[in-house]
Amino acid sequence: KPNCFQASKSELRDRRAKKPSFITPGGSRLSDLDDDDLVESLRSTAGALASRGGRNKKASSPDNRQKKKGGKEDSGRVGVLFKLTVCQHFMLLFAMLAFGFVAMLLFMPNPIDPVAYQLPPQPPAVGPLAANDRLAAARKLLVGAVRGPESFVFVGEHLFTGTLDGRIVRVHLASEQPELWVRFGPANCSLQKSFSPIRCGRPLGLRRHPSNRSRLLVADAYLGLIDVNLDKRQFQSIIDRSNPIGVTFFDDLDITPDGELVFISEASTRYPLHQLMHQMLEGSSNGRLIMLNMTSGHAATVLEGLSFPNGVQLHPDGQSVLVAETSGFKIIRYYFAGPMAGQTRTFADNLPLGPDNIRLSSDGKHLWVSGSLARLAGLRSSADLMGQRTWLRLAAAKILPGPLLHNMAAGHYGLVLRLAINDGRIVDSLHDTQGKQITHSSEVQDYNGRLFIGTYYGPYLATLDL
């Protein structure tokens with residue numbers, strides 16, 4: 001079939017029929033002449049054309065030239081333009097739009113400064129990582145009643161969790177009914193167009209105080225570290241934006257058994273939570289681990305230059321803390337006491353997902369690892385695709401909205417890991433290969449024979465019988 005750039009067979013026949021024959025002034029065809037006659041004929045033709053052009057030039061007046069210019073010549077140009085097909089007009093418009101789009105990309109200000117990186121090969125889906133669909137059997141709770149239950153703690157028959165609009169809610173596990181317990185921001189905070197996370201807060205990591213079980217410590221992305229009294233349903237700030245340590249993007253935390261030290265991860269010291277995808281696309285290592293002494297109130301940075309530090313979990317040895325680096329696809333171990341104090345080691349490397357929160361299992365022998373960005377061998381991984389393509393990440397940051405980028409990066413493959421707490425080996429994995437129920441997870445904990453699965457932005461909390 002003919003397209004914009006191909007003529008039909010009938011059109012080609014018409015063109016050949018109208019094609020002028022090459023006849024010399026002497027009446028001979030060029031194809032019938034030998035080489036010497038051809039040269040002589042061309043010379044005669046050139047002389048005749050020059051002579052004719054001179055006569056025409058003398059005969060034409062300025063008025064006639066002007067008339068010709070405004071008449072046949074102009075109409076000829078317009079005719080050529082309007083002889084374009086509809087498809088060719090469309091292609092011309094498309095080319096103009098594409099040129100404008102490229103120019104816009106070139107001259108728009110750069111929202112990020114992307115850093116090239118190279119990840120190790122994607123782990124093979126064999127052994128404890130063999131694909132299965134155990135996670136697809138999860139059941140969703142509180143659908144539409146809560147949004148973004150990132151982290152949670154259990155208190156008897158209840159579960160406490162934080163939500164996207166700055167609330168702490170209590171959920172009765174038997175009736176599965178949520179109840180507003182504490183709100184960090186004003187009463188009018190809701191997920192509407194006028195919603196301000198900076199004013200309303202966004203609770204992320206939650207931990208119960210080890211020595212006072214009625215206290216709940218919360219790492220709020222915008223408001224800092226908050227101490228909540230669950231009995232009185234009141235709260236007070238421990239670290240806020242006025243603190244010398246600063247608050248840009250607090251993420252998770254854990255507390256030593258004596259309640260003396262609190263370790264807080266700050267995912268980024270450059271981008272706040274609402275610019276999460278800017279940090280992920282940039283790929284820079286500007287996160288840190290903060291250590292707070294609860295007695296003195298002094299907070300200090302003990303690790304910096306981390307690749308989106310996220311989940312925090314005290315190791316049972318009482319001398320080290322584990323920190324998940326989402327963008328680094330690994331978990332590191334920082335020793336804050338004992339003979340290795342101040343040193344850092346790799347606990348688990350080249351994980352098959354970007355780890356989010358990490359939590360100790362109920363038996364104390366394993367580490368539950370939640371996350372997204374699954375990168376098992378055979379899966380298409382956006383993290384691997386864009387590692388060296390800084391131009392692609394820069395273009396995405398310029399033109400694509402954050403929610404769309406987040407959905408594209410999360411993928412459609414749910415994955416949860418269980419690691420040995422003594423050496424970081426992967427001993428088990430739960431998959432949802434089609435993303436039917438779980439496409440990502442923010443935290444995983446087992447409680448009374450059930451696995452509870454949180455989500456950073458989804459409108460549900462999920463559970464799975466073990």
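This section describes the overall make-up of a predicted model, its internal cavity and the surroundings of one loop residue.

The protein chain comprises 466 residues, of which 44% are buried. Its secondary structure consists of 9 helices and 24 strands. Of the contacts between residues at least 6 apart in sequence, 56% link residues at least 24 apart. The exposed surface of the protein chain amounts to about 24300 Å², with 55% of this area supplied by carbon and sulfur atoms.

With regard to internal space, rolling a probe the size of a water molecule over the atoms reveals where empty space remains. The structure contains 1 cavity of 30 Å³ or more. The volume of the largest cavity is about 50 Å³. Its lining is formed by L141, L142, L159, V171, L173, E176, F452 and L461. Classified by residue type, this lining includes 7 nonpolar residues and 1 charged residue, with no polar residues. E176 is among the lining residues and counts as charged, because Glu belongs to that class.

At the level of single residues, S362 was examined. S362 lies in the loop that connects strand 18 (354-360) with strand 19 (366-372). The residue is classed as exposed because its relative accessibility is 62%, the cut-off for this class being over 50%. The side chain of S362 forms a polar contact with the side chain of D446, at 2.4 Å. A further relation concerns Q445, which is 83 residues from S362 along the chain; the C-alpha atoms of S362 and Q445 are 8.0 Å apart.

Technical notes
Residues numbered from 1 in each chain as written. Predicted model: local features only at pLDDT ≥ 70, side-chain atom pairs only at ≥ 80, totals over all residues. Heavy atoms only, no water. 1 Å grid on protein atoms, 1.4 Å probe; cavity = no way out; pocket = protein on both sides within 12 Å on 5 of 7 lines; lining within 4 Å. Points joined across faces, edges and corners; volume = space filled by probe spheres on them. Helix = DSSP H or I, 4+ residues; strand = E, 2+ residues; numbered from the N terminus. Buried < 20%, exposed > 50% of the residue type's maximum accessible area, 1.4 Å probe, protein only. Contact = heavy atoms within 4.5 Å. Areas by Shrake-Rupley, 256 points an atom, 1.4 Å probe, with all protein chains shown as cover. Polar contact = N/O pair within 3.5 Å; in protein donor to acceptor, adjacent residues only side chain to side chain.
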